Amino acid sequence: MSTPIKLTINGQSCSCQAGQTILEVASANNIYIPTLCWMKDRSPWGGCRVCIVEIEGSPKVVPACATPAADGSAVTTNSPRLQRLRKMTLELLFSERNHVCPICPMNKGDCGLQHQGYPHGVDSIRFPYLFPALSMDLTGRYFGLDHNRCILCTRCVRTCDEIEGVHTLDIANRGEKNEVVVDLHVGLGESETCTQCGACVAACPTGALFDKAQTYRGKLHSCRTVKTTCPECPVGCGLEVFTKEDRIVEVFGDSDSQLNAGHLCKKGRYETWAAPRHRITQPLLHGKPVSWDEALAFVRQARATSPVWESVLLASPRLTNEAAHAIHAVADKLDRVGTYVVPNEAALVDAPEQPGDVAQHLAEADAFILLGVQPVRDHGVIAARVRTGVRKRGAKLVILDCRRSDLDAYADIAVREVSLERKFWARVAEVLRDAKRPVLIYGPTAMTPVGVSVLDKLTEVFRAQGTGEGPALVGLPSGVNSIGMVAAGVEPVEEVAPWLDAKPVQYLHLVLGDEPDGGAQLLEEKHMADLLAGIPCVVVQASYRSKLTDAAQVVLPATIWAEKTGTLTNFTGRMLPLRPVVPVRGAGRDDAAIVEAVYA
Amino acid sequence: MIENQTITINPVTRIEGHAKITIHLDAQGEVDDARFHVVEFRGFEKFCEGRYFAEMVQITPRICGICPVSHLLASAKACDAILGVTIPPAAKMLRELMHMGQTIQSHALSFFHLSAPDLLLGFDSDPATRNVMGLIAAAPDIARKGIRLRKYGQEMIKATAGRKIHAEFPVPGGVNKALTVAERDELLRGLPEAYEAARFALDLLLGYHEKHQHEVESFASFDSNYAGLVQPDGALELYDGNLRFTDPHGNIVHDQVDPSRYLDYIREAAEAWSYMKFPFIQKLGYPQGMYRVGPLARLNLCTKIATPKANAELRLWRANGHAVRTSSFFYHWARLIEILYGLERAEQLLHDPAITSTDILASGTPQNADGVGVMEAPRGTLIHHYWVDEGGRVEKVNLIVATGHNNLAMNRAVRAVAKKYVKSQRLQEGMLNRVEAAIRCYDPCLSCATHAVGKMPMVVELVDAAGAVVDAAARDAA
Amino acid sequence: MSANGKVSVATMWLSGCSGCHMSFLDLDERLLDLSKLVDIKASPIVDIKFDQMPEVDVGIVEGCVNNDEEAEHLRHLRDRCKILIALGDCAIMGNVPALRNQFRLADCLTRGYVDTESTQIGEIPSDPVLPQLLARARPLQEVVKVDVSIPGCPPDADTIWYALTELLAGRMPQWNERNLKYD
């Protein structure tokens with residue numbers, strides 16, 4: 001426990017703990033100090049000088065965000081002198097680069113620099129404009145970087161380093177040549193380290209970093225916002241979705257979500273909305289738009305002519321729990337119902353074993369062991385937690401039986417194939433020797449015989465060290481809601497072709513929901529294309545067009561995540577709500593409702 | 001002994017832009033040539049390079065604050081083409097409604113604020129009061145009507161787009177704001193008064209035509225080709241459609257030309273003495289390929305107008321065997337008929353229930369390496385053409401603006417007026433104003449025309465054959 | 001002050017889009033009120049040529065300084081007015097026209113008059129009748145002293161009205177988060 005100290009701010013007496021900054025104390029006491037480069041949960045930078053304050057007895061002004069409160073000090077946050085200095089600082093910021101407000105996507109209310117310029121009465125700039133020749137980096141898929149609008153506050157750099165943990169962005173050169181760089185000066189689209197998580201864009205106070213899909217589509221401050229759950233992986237991060245005129249304008253992480261605390265990966269941040277896809281908005285019969293009645297009549301007719309024992313339903317693991325229950329409820333009208341999952345996922349989702357507060361375990365872990373899991377690819381926010389844990393807290397990292405990823409660079413041990421030799425495990429034991437709060441993050445491969453032996457070995461290691469309970473276990477399935485689907489009684493199917501081919505099939509209903517690829521992945525499995533071609537009636541229920549929907553006799557348009565009400569079960573077994581963000585487009589219907597209508 | 005001389009008028013006022021006029025006299029003191037110089041250049045075709053293509057919709061309207069909507073919409077259409085999307089029907093309706101608002105306000109401004117002082121107060125009246133403020137003093141009721149008609153157009157833009165000038169509303173793929181029922185109803189309520197003002201202006205002008213028939217018919221009257229957009233059936237079109245070119249007699253030369261193929265038909269020449277380029281019909285060459293665009297051209301080349309009131313006016317336009325109207329003075333008349341069309345078309349759009357739909361935006365990423373957006377700005381055909389890379393970075397920009405197309409014609413008009421009114425080396429106020437008025441007929445939007453770098457105060461200089469300014473004419477720029 | 005007791009005003013349009021003048025006209029019926037208080041002595045919307053410009057109380061300038069003539073006109077106005085107003089973002093900070101400052105002027109001209117796809121007969125305008133372009137577009141304050149700035153692209157009619165009525169009442173406009181907009 002640190003020492004309590006007392007000080008006054010604007011004459012108001014405040015108390016705090018030693019080490020707290022003046023800004024923290026002020027904000028705890030509802031005293032406003034303007035800020036620009038400061039950002040919650042990032043290290044202080046003290047670069048913009050907008051938060052300057054006066055301390056009695058000191059001739060200097062100091063940045064409140066980077067100055068610890070001193071016992072007995074008297075702080076002033078507002079005075080004619082501070083106003084004058086802040087205004088001058090802002091004018092210098094405006095004069096340095098080419099801030100052409102009227103054409104900026106952040107104009108009209110979304111810009112932090114404007115927000116400071118207005119109350120400080122900056123109506124013109126007394127300094128000569130530099131008009132530097134600066135470029136725009138538009139090589140990235142989802143976002144661009146316009147150096148003209150950068151104020152070098154480093155919020156993006158600190159976010160990239162401290163939150164996503166990849167440190168793709170940094171500052172290069174000196175003086176007026178200072179600029180944000182990507183890796184060793186490459187384009188955003190050429191970066192080998194950027195994960196496209198877009199946290200830098202969310203952190204940027206100006207229009208320097210901007211989401212391409214968001215530009216001019218709506219001012220965020222005037223958008224409707226809905227908090228919902230990310231539908232892209234089983235982590236279940238909280239989303240804050242911005243809409244205008246019933247259209248998604250932007251998706252940020254929900255800062256109130258305990259799990260992701262405002263952070264997202266590329267999938268949640270962009271693939272949820274910014275990747276253009278061909279939406280199906282009407283039922284299709286042999287490729288032609290028809291009414292629901294016509295489509296359903298055809299499907300019912302097809303079912304009537306196909307014996308139950310030759311009728312099959314296969315569902316995506318992305319569906320909601322409600323859709324899963326609806327499918328389970330009609331299982332007796334079909335020979336078999338299943339949901340496709342990756343190999344070994346069945347065993348993983350069957351017995352989810354999770355420690356109490358995963359977010360806290362991840363935040364405090366001093367050692368991570370990754371086993372048969374691909375967080376960088378599949379669960380980006382977990383990967384970010386591992387990266388920052390290793391890089392910022394010095395946590396140990398042991399990677400066993402995982403594909404190559406950027407995490408390998410930070411690992412104490414990273415092996416593709418795990419040896420069971422004593423020498424290897426001695427090394428593992430050495431690395432984990434001082435681990436007090438280890439976390440084991442495992443995926444489906446951990447359920448293989450090899451995986452189980454590794455788990456046994458790990459248990460031995462921790463038992464030998466006498467660290468008590470051993471590591472906190474975090475199981476990460478691959479399917480978005482495979483846990484919920486299986487819990488609802490839908491059979492997990494690891495190899496689709498043999499499962500389908502086990503008996504003759506006359507009628508196949510594929511419930512694909514809002515699979516981004518429209519279910520085209522199914523065609524990648526060996527023999528699947530031939531198998532599907534041999535089934536007389538294939539009904540595809542999907543949101544997006546694909547080769548699969550093109551080949552189907554009937555296509556039933558399903559709603560997407562942003563239109564649904566329902567729940568998803570995340571990797572910790574919690575049921576998380578999906579809230580409707582936008583109205584249903586076209587004639588799309590909820591998956592559960594479609595299933596109920598087909599088998600009514 | 002009088003050598004060849006040049007008269008300079010600077011600045012040309014009460015037009016939307018920066019220009020000067022020089023009138024060159026020969027040794028006999030007769031008009032040898034007259035040139036309309038645009039003196040501003042801004043460089044849009046260069047400095048847009050490297051920007052994100054979606055920003056173009058915000059950057060290019062800053063070419064012109066009088067018809068920013070034209071640039072907004074032409075730019076948005078070019079960006080739609082780059083995305084390769086068809087915008088939702090409601091988005092197209094809203095864009096067209098916004099454009100009708102602009103047509104109304106811009107034409108009202110041209111007629112009431114800029115030209116009416118000449119018509120009502122007289123070309124030879126005191127220049128100190130021959131302006132909109134003088135009109136307010138001399139004929140407040142007329143001034144109020146004009147002000148309110150323009151305001152109605154501006155309010156239509158504001159209701160649709162959220163702001164009167166430089167709105168952030170059309171975006172690549174559609175628009176970002178739906179029209180509420182309340183906004184729609186408010187606009188419908190304003191229609192009767194606007195119709196009345198438009199009718200009033202037409203009657204006023206037609207009365208002037210009667211009184212000054214000879215001057216009106218012969219005012220900078222000359223043959224030219226015409227170009228503009230028409231609907232598939234040849235009807236007047238301002239937002240979309242295909243290009244039609246006619247000869248000086250109104251015979252169709254090219255019809256239903258896909259606007260994205262403009263480069264096959266239109267080329268430009270540059271001259272040392274103006275910052276505004278000179279577009280010409282490629283097949284006819286320079287300068288024989290002179291053509292006119294804008295209200296006069298549109299009425300000359302359209303087959304009909306799809307709204308009843310405006311179409312009735314078009315019949316008058318065509319009355320007495322007039323296949324085309326050639327006097328530059330008739331630009332005013334054409335403009336007022338187009339105000340009527342704008343009001344009728346807006347009324348049609350406002351009565352369509354689909355206009356309040358919120359399905360107004362199509363998504364996409366750049367699919368095409370270039371995109372062309374063409375539309376009929378108040379002053380004529382406006383062409384935006386952008387080339388982009390895969391990331392959406394603008395690599396090249398080509399712009400041909402409405403006023404540019406008329407450059408050759410405006411020079412011809414100035415020459416025609418100068419020949420008629422400059423009879424001696426003495427510069428008389430009424431004469432100078434008529435030279436300006438010839439330009440004003442074209443309502444040149446020189447901020448548009450000078451997107452390239454420059455501007456247009458007007459100067460008339462009297463220059464002798466040796467190039468020396470003989471009579472600086474007390475109108476030279478300070 | 002004019003002989004009739006009205007405040008004399010001159011407005012000037014330099015390198016800009018004229019949107020600020022249009023926004024001024026958006027005063028609509030308030031123009032009728034304004035005409036009782038001010039005499040517009042020179043403006044692109046009236047007919048008086050620059051050399052006739054008398055001394056005025058208020059000079060209002062839209063646009064930035066792009067060529068030598070504009071610089072001359074601006075200095076001329078500054079000499080003849082008591083209060084100089086920079087109207088809009090171009091006048092205050094260069095805004096969109098100043099985007100060209102990141103390029104060489106020669107490159108801008110070559111693109112505009114020679115290289116554009118539709119240009120068949122290219123020539124960079126150079127006749128002495130045309131003003132000389134400056135190497136870069138400049139905000140007013142780099143050329144003359146500015147007394148009042150009204151930001152916005154354009155400032156809307158209400159903002160212009162506020163600033164003008166304050167000045168007519170003998171006060172300087174006070175800008176803060178309620179009335180200041182850069183857009």
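# Interfaces and domain contacts in a predicted model

Chain A is divided into four domains: domain 1 covers 5-78, domain 2 combines 101-112 with 121-271, domain 3 combines 284-341 with 481-598, and domain 4 covers 348-475. The model is a predicted one, and the description below moves from a pair of domains within chain A, through one buried residue, to the contacts between chains.

**Domain 1 and domain 2 of chain A**

Between the C-alpha centres of domain 1 of chain A and domain 2 of chain A the distance is 27 Å. Nine residues of domain 1 of chain A and 12 residues of domain 2 of chain A make up the contact, and the area buried between these two domains is about 910 Å², with carbon and sulfur atoms giving 55% of it. The rule for salt bridges finds zero between domain 1 of chain A and domain 2 of chain A, whereas six residue pairs are in polar contact, both residues being at pLDDT 80 or more. On the side of domain 1 of chain A that touches domain 2 of chain A, the residues divide into six nonpolar, one polar and two charged.

**A:His509**

Strand β24 of chain A, which spans residues 507-513, contains A:His509. A:His509 counts as buried because its relative accessibility is 0%. Leaving aside residues up to four places away in sequence, A:His509 touches A:Val312, A:Leu313, A:Leu314, A:Val539, A:Gln541, A:Val595, A:Val598 and A:Tyr599.

**Contacts between chains**

The size of an interface is often given as the accessible area lost when the parts come together. The table sets out the buried area for the two chain pairs and the domain pair.

| Pair | Buried area | Share on carbon and sulfur atoms |
|---|---|---|
| Chain B and chain A | about 2,100 Å² | 50% |
| Chain C and chain B | about 6,300 Å² | 60% |
| Domain 1 of chain A and domain 2 of chain A | about 910 Å² | 55% |

For chain B and chain A, the contact takes 27 residues from chain B and 21 residues from chain A. Of the area that chain B buries against chain A, 28% is supplied by B:Tyr52, B:Glu168 and B:Leu361, which is more than any other three residues supply. Five salt bridges are counted between chain B and chain A, and in a salt bridge between the side chains of A:Asp146 and B:Arg51 the N to O distance is 2.8 Å. The interface of chain B and chain A also has 12 residue pairs in polar contact, with both residues at pLDDT 80 or more. Sorted by class, the side of chain B that touches chain A has nine nonpolar, 10 polar and eight charged residues.

For chain C and chain B, the contact takes 62 residues from chain C and 83 residues from chain B. Seven salt bridges are counted between chain C and chain B; C:Asp183 forms a salt bridge with B:Arg163, where the closest N and O atoms are 3.9 Å apart. The count of residue pairs in polar contact between chain C and chain B is 27, again with both residues at pLDDT 80 or more. The elements of chain C that give two or more residues to the side touching chain B are α1 (19-25), α2 (30-37), β4 (65-67), α3 (68-80), α5 (105-115) and β6 (119-121), and α5(C) gives the most to that side, with six residues. By class, the side of chain C that touches chain B has 28 nonpolar, 18 polar and 16 charged residues.

Notes
Residues numbered from 1 in each chain as written. Chains lettered and ligands numbered in written order. Predicted model: local features only at pLDDT ≥ 70, side-chain atom pairs only at ≥ 80, totals over all residues. Heavy atoms only, no water. Contact = heavy atoms within 4.5 Å. Buried area = accessible area lost by both parts, 1.4 Å probe. Salt bridge = Lys/Arg side-chain N within 4 Å of Asp/Glu carboxyl O. Polar contact = N/O pair within 3.5 Å; in protein donor to acceptor, adjacent residues only side chain to side chain. Nonpolar A, V, L, I, M, F, W, Y, C, P; charged D, E, K, R; others polar. Domains from an automatic or database assignment. Helix = DSSP H or I, 4+ residues; strand = E, 2+ residues; numbered from the N terminus. Buried < 20%, exposed > 50% of the residue type's maximum accessible area, 1.4 Å probe, protein only.
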